[in-house]
Amino acid sequence: MKIEGKEYRTIWFENNVVKIIDQTKLPHQFVIKDLKNIKDAVNAIKVMEVRGAPLIGATAAYGLVLALIENNDQSFLNKSAEDLISSRPTAINLKWAVDRMMKKLSGVNSDKILEIAVNEAKDICEEDIKFCENIGLNGLKIIEEIYNKKKDTVNILTHCNAGWLATINWGTATSPIYHAHKKGIPVHVWADETRPRNQGANLTSYELNEEGVKNTIIADNTGGILMQRGEVDMCIVGTDRTISTGDVANKIGTYLKALAAHDNNVPFYVALPSSTIDWETKDFKDIPIEERNSEELSHMEGLDENNNVKKVLIYSKKSKAMNLAFDVTPAKYVSGLITEKGICEASTEGLKKLFK
Ligand code: MRU
């Protein structure tokens with residue numbers, strides 16, 4: 001997708017270096033950063049220079065490539081895989097990508113291993129792009145149906161950033177929106193701000209602006225009243241881990257949006273590639289929920305009057321804060337899962353019909 005009219009992907013490999021768009025700097029600065037070794041890759045995931053489930057999976061895959069360039073040794077590779085998997089706990093794509101890479105590299109001779117690792121990491125990225133494109137084509141049908149009935153702008157609410165910046169290209173939740181926009185269907189996005197890190201405001205609104213898609217940032221608590229007023233035609237969110245029961249872990253606040261959608265008969269869809277399905281976990285209470293530094297709540301960053309990025313404390317130094325990063329929306333509140341293979345019911349049966 002485009003930034004200032006130029007096509008980008010979120011991650012690429014060039015001259016033995018992994019290039020990323022540093023998302024901690026957006027929307028005020030566009031910075032391409034080099035990841036040169038495994039430490040850089042683990043750190044980029046931890047501090048969220050790269051974020052979003054599919055993108056952290058791809059970064060982990062390239063992290064193993066960097067580990068091999070640094071030290072082509074099995075125990076170093078094993079330790080690097082462990083460090084990558086533990087860098088963020090909720091998004092299953094991270095473990096999925098590391099496991100896929102390690103399986104591919106198992107038993108490979110050291111003189112061939114780097115080339116095979118580079119190709120596999122590239123394949124993971126290409127596959128994600130294709131899957132996200134298909135998610136878009138499948139989700140487009142729902143938007144088209146709403147438009148054909150309404151014959152007016154389709155208002156879509158999304159939470160956090162499940163846009164192209166969270167993937168390699170297209171995004172998950174945003175892919176149907178970009179496809180509708182490219183087809184000339186009038187769409188308008190309500191972008192939840194998504195406190196505390198504001199990925200909805202800083203990333204979703206930013207990337208939609210760059211592609212010319214109409215959008216409005218709203219505070220996280222605004223979705224309910226908009227649904228009561230009939231100003232939301234559908235919700236589409238992404239997910240960091242969807243378990244085999246169809247329960248969906250996503251950015252904190254997703255659950256409350258799903259409850260409001262249910263109360264107001266607004267369709268609530270979740271868009272995901274199959275790499276985000278956790279087939280092993282059977283109970284959503286077993287999904288590890290990341291708890292991040294409370295400084296993300298107590299401090300905010302923005303541009304000061306001289307256009308310098310500044311971080312400020314926004315509440316009393318004495319106040320304590322708790323920062324859970326994800327919640328789980330039970331399957332019963334999900335109208336459907338939009339995947340690369342089609343749309344299915346959020347249930348074990350629904351998922352099994354699409355994925356053997
Ligand atoms: O904490 P983040 O910014 O990595 O969380 C991202 C989300 O919650 C996205 O909705 C999710 O990863 C979907 S990815 C397309």
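A polar side-chain atom of K251 is placed 2.5 Å from an oxygen atom of the ligand. This value comes from a predicted model, in which the ligand occupies the largest cavity. The ligand would expose 420 Å² if taken alone, and the protein buries 100% of that area. The points below cover the ligand shell and then the backbone features.

**Polar distances to the ligand**

- For N250, a polar side-chain atom lies 2.8 Å from a ligand oxygen atom.
- For D240, the distance from a polar side-chain atom to an oxygen atom of the ligand is 2.9 Å.
- Each of these two distances, like that of K251, falls within the 3.5 Å cut-off for a polar contact between N or O atoms.

**Composition of the shell**

- The ligand is surrounded by 19 residues, and the closest of them are R88, Q199, D240, N250 and K251.
- By residue class, the shell holds 7 nonpolar, 8 polar and 4 charged residues.
- Two elements, α2 (53-70) and β11 (248-251), give two or more residues to the shell.
- Both domain 1 (2-127) and domain 2 (138-354) are represented in the shell, with at least three residues drawn from each.

**Cis peptide bonds**

- L26 and P27 are joined by a cis peptide bond, whose omega is near 5°.
- The loop that holds P27 runs between β4 (17-21) and β5 (32-35).
- The peptide bond from R195 to P196 is also cis, with omega of about 5°.
- P196 belongs to the loop between β7 (187-192) and α7 (199-211).

**Positive phi**

- M48 is not a glycine, yet its phi is positive, at about 70°.
- The position of M48 is in the loop that lies between α1 (38-46) and α2.
- The α2 element at one end of this loop is also one of the elements that give two or more residues to the ligand shell.

Methods: Residues numbered from 1 in each chain as written. Predicted model: local features only at pLDDT ≥ 70, side-chain atom pairs only at ≥ 80, totals over all residues. Heavy atoms only, no water. Near = heavy atom within 4 Å. Polar contact = N/O pair within 3.5 Å; in protein donor to acceptor, adjacent residues only side chain to side chain. Areas by Shrake-Rupley, 256 points an atom, 1.4 Å probe, with all protein chains shown as cover. 1 Å grid on protein atoms, 1.4 Å probe; cavity = no way out; pocket = protein on both sides within 12 Å on 5 of 7 lines; lining within 4 Å. Sits in = over half its atoms within 2 Å of the grid points. Helix = DSSP H or I, 4+ residues; strand = E, 2+ residues; numbered from the N terminus. Nonpolar A, V, L, I, M, F, W, Y, C, P; charged D, E, K, R; others polar. Domains from an automatic or database assignment.
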